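Grab a pencil and get ready to explore a protein chain step by step. Have a go at each task before you read its solution.

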Amino acid sequence: MAGSRSALVLCMDVGFSMSNSAPGEDPPFDLAKQVIQKFVQRQVFAETKDELALVLFGTDSTKNPLNQNGQYQNITVHRNLMVPDFELLEEIENQVHPESQQSDWMDALVVCMDLIQTQTKGKKYDRLNIALLTDLSTQTNTDQLDVILENLKQAGITLQFFLPFPAEEDEEGGGDADRRGPGHPGTGKGLSSEQKDGLDVVKHVMLTLDEEDGLDQIYTFRNAIEQLCMFKRVERRPVAWPCQLTIGSCLSIRIVGYKAVTEEKLKKTWITTEVQKDDTIQGFRYGSDIVPFSKVDQDQMKYTHDGKCFAVRRNLFMGNQVVKIFAAKDDEHAAVALSALIRALDELQMVAIVRYAYDRRSNPQVGAAFPYIKKDYECLIYIQLPFMEDLRSFTFPSLENNKKFTPSDTQLSAVDSLIDSMMLVEEDEDENAEQKDMFEVHHIPNPAFQRHFQCLHHRAVNPGTPLPPMESWLKAALERPDVINERCQAPLEEMKKKFPLTEVEKKKKPKTSAQIFGKDSEEPDAKKAKGDEEDEGYSLADIAEGGECGSSRDFSILIKMKSLPFGEVCQQLTHRIEQLLSNKSTQYYMKSITCIQAFREQSVKLGNADLYNSYLQSLKRSIPNRRLEVFWDLLVQDAITLISKDEVEGSTVSKNDANQFLAAEEKKEEASAPPAEDTGDVDDLLDMM
């Protein structure tokens, strides 16, 4: 129910007896602390409006409003009723410790009753509850027991007890006695006289409050931890979405929609991700929210289709929810009209293709409305369908046409047997009996969320420490069931026989003659010189066309060969650079920069800076007209500048001018002119070379 909330008081015994335990067993205090920690974690991550208070008894100090005339000693109200938060989790982790006093749990119950009645006065709550965690090691004073029970009934306060031992011998699912250790005794084993008397009082209290189910509200610490280890979101009733189902221009049916299935998402505040500037998109402010609106959204505004089609294939279903559509409540005409539509679609085995828009601000969707008829109700089920731009068509070669991969009948039978053996259903001797799923999807939590919340809680209370390993129960939940392991062993062995595997050796890459004969290290100098003469007709255009290494390495090879004048080789390189820049792509910009770096290195080695400096200066002048600002920014980042006098004596550029060359120039207002690929300066330079 919307706006519903409850008030709960956790009352925990921290007296010295809670620290006692048998060898090898966890003390009751540690188990009780885990119970309240996991419960508070649930409340924090579920983001409920429920309020929670924490009362400790057996404390060395006393802090409660009933502490007068020496009564209700060693009881501390640690936290008043309020919505639980991370601060409470930190306090439980760091401030709740075993102490050295003892206190009667009956007195602590009175303090909790007073707290819950005082702090809920004038407010509306759906449930008032007190959860009491103790080992019952203190003598209980029952003088005012009848008065306390009467007040509990009048105030509508329910009780729950959490003990280190079960209240009944067959509790915790019957078979628990086999795994109960010395620190987890039965009702009559290992209990002190105070614990036995206290347990009798607890049973009397619970049966007085609820004769039928009173004892069901007595839990053991271990049982509670098992039930609370999973984080669960609070279950909310679906909210009706009222709308009009319009058919044509005349027929309109009042309907309401309810989300039947929807994707569960983490709250945005639990997720923080650093985003690079390049990954940002345009957005518009709408109230306190910023609505992203990318180029993809703009393209989706245009409706396109994929030709004639009147079929809905299952692989086209998309979206993150399924909506059930009913007629509006108390509208008989709408109910008749919608029922007629549902029945007609069902008889004709057809679906309705509809346009769905949640509200005026939402982008419209196209979807299919399927007729759904059950014994108790009937409705339409809406599922979103894709637009044409949402589809991705991939073509794969058929396996049927390749005789090499055509399986035999025995191989197909082996695969079928393996699939049957791994079905997640419980086998029944009665073939006509209905199959039962091993995993009930409604009771299985999302393991990703469980691990996320576990790490989030650890980081909140233990900042700076490594994250803990995955909890054992969660790891076990992700393992394959033992019955499946046993069932699929024989089919797996059959699969190994029918599909034998052979090791395929990797083909070795062919070696070049230089690698085989050691051309670089063992070849005589005379033979190398002869090879150089044979390569005189080898130009940069031949080796650089489309090759990534042809920009820098091959330019250096031509310089080393000295088969062409330096100016001619530079002309080939600059021509190649112009080809790359014409593509206007970051990939080609990076290749161009590699060429310019090689141009500069070889110019410095040969002591010839004029050609390089002239080209780079003319290139800079052409940047605005050629719209190469992105390329120039990349060049600036790599700090590729002119060759100064300090590097080459014949250069006419000073070191200061070279440093200032890449500095951003002030933008001057110029008359607007149509952009053109004006490469005049560069062409003049090429002619000069």
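Below are five exercises, each with a worked solution.

Residues are numbered from 1 along each chain as its sequence is written. The model is predicted, so to speak: local features need pLDDT of at least 70, side-chain atom pairs count only at pLDDT 80 or more, totals for chains, interfaces and linings use all residues, and side-chain values use heavy atoms, with hydrogens and water left out.**Exercise 1. Get an overview of the chain.**

Task: find how many helices and strands the chain has, and what share of its residues counts as buried.

Step 1. The secondary structure comes to 24 helices and 16 strands. Helices here are DSSP runs of H or I with at least four residues, strands are runs of E with at least two, and both are numbered from the N terminus.

Step 2. Of the 689 residues, 35% count as buried. Buried means under 20% relative accessible area, exposed means over 50%, and partly exposed is in between (1.4 Å probe, protein chains only).

Step 3. Now look at contacts, meaning heavy atoms within 4.5 Å. Among those between residues at least 6 apart in sequence, 70% join residues at least 24 apart.

**Exercise 2. Trace the antiparallel sheet.**

Task: work out in which order the 6 strands of the open antiparallel sheet lie, and which strands are at its edges.

Step 1. The order is β7-β8-β11-β14-β13-β12. Two strands count as paired if DSSP finds at least two bridges between them.

Step 2. The edges are β7 (241-247) and β12 (352-356), each of which pairs on one side only. Neighbouring strands are turned by 40° against each other on average, direction ignored. For such angles, axes are lines fitted to C-alpha atoms (for helices, over the stretch in contact), and values run from 0 to 180 degrees between N-to-C directions.

Step 3. Start at the β7 edge: 7 bridges join β7 to β8 (residues 251-262), antiparallel. One pair to look for is I247 with its bridge partner L251 in β8.

Step 4. Move on to β14 (residues 378-385), where 7 of the 8 residues are buried. Strand β11 (residues 318-327) pairs with β14 over 4 bridges, and M318 has Q384 in β14 as its bridge partner.

Step 5. Strand β13 (residues 365-373) is joined to β14 by 8 bridges. Here A368 stands opposite I383. The two strands β13 and β14 make a hairpin with 4 residues between them.

**Exercise 3. Trace the mixed sheet and its helices.**

Task: find the strand order in the open sheet with mixed pairing, then see which helices pack there.

Step 1. This sheet of 6 strands runs β3-β2-β1-β4-β5-β6. Its edge strands are β3 (75-82) and β6, and neighbouring strands are turned by 15° against each other on average, direction ignored.

Step 2. Between β5 and β6 there are 3 bridges, and the two run parallel. F161 stands opposite I218 in β6.

Step 3. Helix α5 (residues 193-209) packs on the sheet, touching β5 and β6, and its direction makes about 150° with that of β5. Helix α3 (residues 105-119) lies across β1 (6-13), β2 (51-57), β3, β4 and β5, at about 30° to β3.

Step 4. Helix α6 (residues 221-228) has F221, N223, A224, I225 and L228 as its buried residues. They pack against α1 (28-46), β4 (127-133), β5 (157-163) and β6 (218-220).

Step 5. Finish with T220, found in β6. T220 is buried, with a relative accessible area of 0%. P164 is 56 residues away from T220 in sequence, yet 5.4 Å apart in space, C-alpha to C-alpha.

**Exercise 4. Compare two loop residues.**

Task: is N74 buried or exposed, and is R627 buried or exposed?

Step 1. N74 sits in the loop between β2 and β3, while R627 sits in the loop between α21 (610-626) and α22 (629-637).

Step 2. N74 is buried because its relative accessible area is 14%. R627 is exposed because its value is 51%.

Step 3. Check the backbone too. Most residues other than glycine have a negative phi. N74, not a glycine, has a positive phi of about 60°, and phi of R627 is near 55°.

**Exercise 5. Find a nonpolar surface patch.**

Task: which residues form a nonpolar patch on the surface together with L424?

Step 1. The partners are F439 and I444, and the patch has about 250 Å² of accessible area together. Accessible areas come from the Shrake-Rupley method with a 1.4 Å probe, and for residues only the protein chains shown count as cover.

Step 2. Locate L424 in the loop between α9 (409-421) and β15 (425-426). L424 counts as partly exposed because its relative accessibility is 42%.

Notes
Patch = residues over 30% accessible without salt bridge, like charges linked within 9 Å, V, L, I, M, F, W, Y side chains within 5 Å. Salt bridge = Lys/Arg side-chain N within 4 Å of Asp/Glu carboxyl O.
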